[in-house]
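I set out below what I looked up in this structure, entry by entry.

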Amino acid sequence: MKEFKFKINGKDYEAQVAEQDNGVLAVTLNGNTYAVEVPSLAHHAVKPVVHAAAPAAAPTAASKPAAAPAAAGSVTAPLPGTIKQILVSDGQKVKKGDTIITMEAMKMENAITAEADGTVLKVRTSVGASVNQGDVLVDFAAEAAAAPAAAPAPKAEAPKAAPAPAAAPAAAPAGSKNVEAPLPGTIKQVLVAVGQEVAAGETVVVMEAMKMENNITAEFAGKVTAVNVAVGDQVQSGQAMVVLA
């Protein structure tokens, strides 16, 4: 088990992370435990956002009727949280990658995006609603993908020289403070540069984790003295991404 102590907007937090079976982490944050799925750790990666809806079996006389399933597909909550924004409405067409809902989970604002072009059939949640992992948020009909054209035969290329290994980041000077990754993920945007002044609460890095985009903010004001990540980098929980003085 790994333990972390960090501060967000002036409030102290303690977190313990223990790896479970098949890529699931048990994350305990200030006494509350959450089950967090990390696809990169699982034996078989699972895409929890958009999936084909299975037909519901007819309920028996003694059973409680199940909620109506999505007509063609559904967007589900990848982890427990609170709905902050709903950016689509019934009948709206969306493109792959469009943000359709934002939700707050583990003190981070996460963008839920469409994984394909399609149409919103029905919004099944509301702003302020608390949802559990797997709850249906939006009924979604994905458009059929066109058959890809035959790819031309690849041209032979000269072998490329292996890139030189990246140099380890320099040690942070005394008195500096790190902006660390709260969980494993991939860097999508780096919004600051060395020498830039940032304010407390300002977003410095955007990272993707568990199929959601997470805004990583500075917990304190300061001047950027080092940026240790680049777009596309894979980071681990607790890794220093930006150093402030």
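Which residues does leucine 244 touch, not counting residues up to four places away in sequence? I listed the contacts of leucine 244 in this predicted model and found Ser176, Lys177, Val179, Val198, Ala218, Phe220, Gly222, Lys223, Val224 and Thr225.

**Entry: the core**
I next looked up the largest nonpolar core, which has 44 residues. Leucine 244 is among the residues with the most contacts inside this core, together with Val204, Met241 and Val242. I then noted which strands each supply at least two residues of the core. They are strand 3 (24–29), strand 9 (99–105), strand 10 (108–113), strand 11 (118–123), strand 13 (136–142), strand 17 (203–209), strand 18 (212–217) and strand 21 (240–244).

**Entry: rings and charges**
Two of the residues that leucine 244 touches, Lys177 and Phe220, also appear in my search for charges over rings. Lysine 177 lies over the face of phenylalanine 220, at 4.9 Å from the ring centre. I searched the whole structure for aromatic pairs and found 0.

**Entry: the salt bridge**
How many salt bridges does the structure hold? I found 1. Aspartate 139 forms it with arginine 124, and the closest N and O atoms are 2.7 Å apart. I placed aspartate 139 in strand 13 and arginine 124 in the loop between strand 11 and strand 12 (130–131). The pair is 15 residues apart and links distant parts of the chain.

Is aspartate 139 buried or exposed? Its relative accessibility is 4%, so I entered aspartate 139 as buried. Arginine 124 has a relative accessible area of 35% and is therefore partly exposed.

**Entry: asparagine 9**
I located asparagine 9 in the loop between strand 1 (2–8) and strand 2 (11–19). The relative accessible area of asparagine 9 is 64%, so I recorded this residue as exposed. I also checked its separation from glycine 201: the two are 192 residues apart in sequence, and 6.7 Å apart in space from C-alpha to C-alpha.

**Entry: the whole protein**
I closed with the totals. The secondary structure comes to 0 helices and 21 strands. Of the 245 residues, 32% count as buried. The protein exposes about 14700 Å², of which carbon and sulfur atoms supply 54%. For contacts with a separation of 6 or more, I noted that residues 24 or more positions apart account for 53%.

Definitions and conventions. Residues numbered from 1 in each chain as written. Predicted model: local features only at pLDDT ≥ 70, side-chain atom pairs only at ≥ 80, totals over all residues. Heavy atoms only, no water. Helix = DSSP H or I, 4+ residues; strand = E, 2+ residues; numbered from the N terminus. Buried < 20%, exposed > 50% of the residue type's maximum accessible area, 1.4 Å probe, protein only. Contact = heavy atoms within 4.5 Å. Areas by Shrake-Rupley, 256 points an atom, 1.4 Å probe, with all protein chains shown as cover. Phe/Tyr/Trp six-rings, centres within 6.5 Å; stacked < 30°, edge-to-face > 60°. Lys NZ or Arg CZ within 6 Å of the ring centre and 35° of its normal. Core = buried A, V, L, I, M, F, W, Y, C linked by side-chain atoms within 4.5 Å. Salt bridge = Lys/Arg side-chain N within 4 Å of Asp/Glu carboxyl O.
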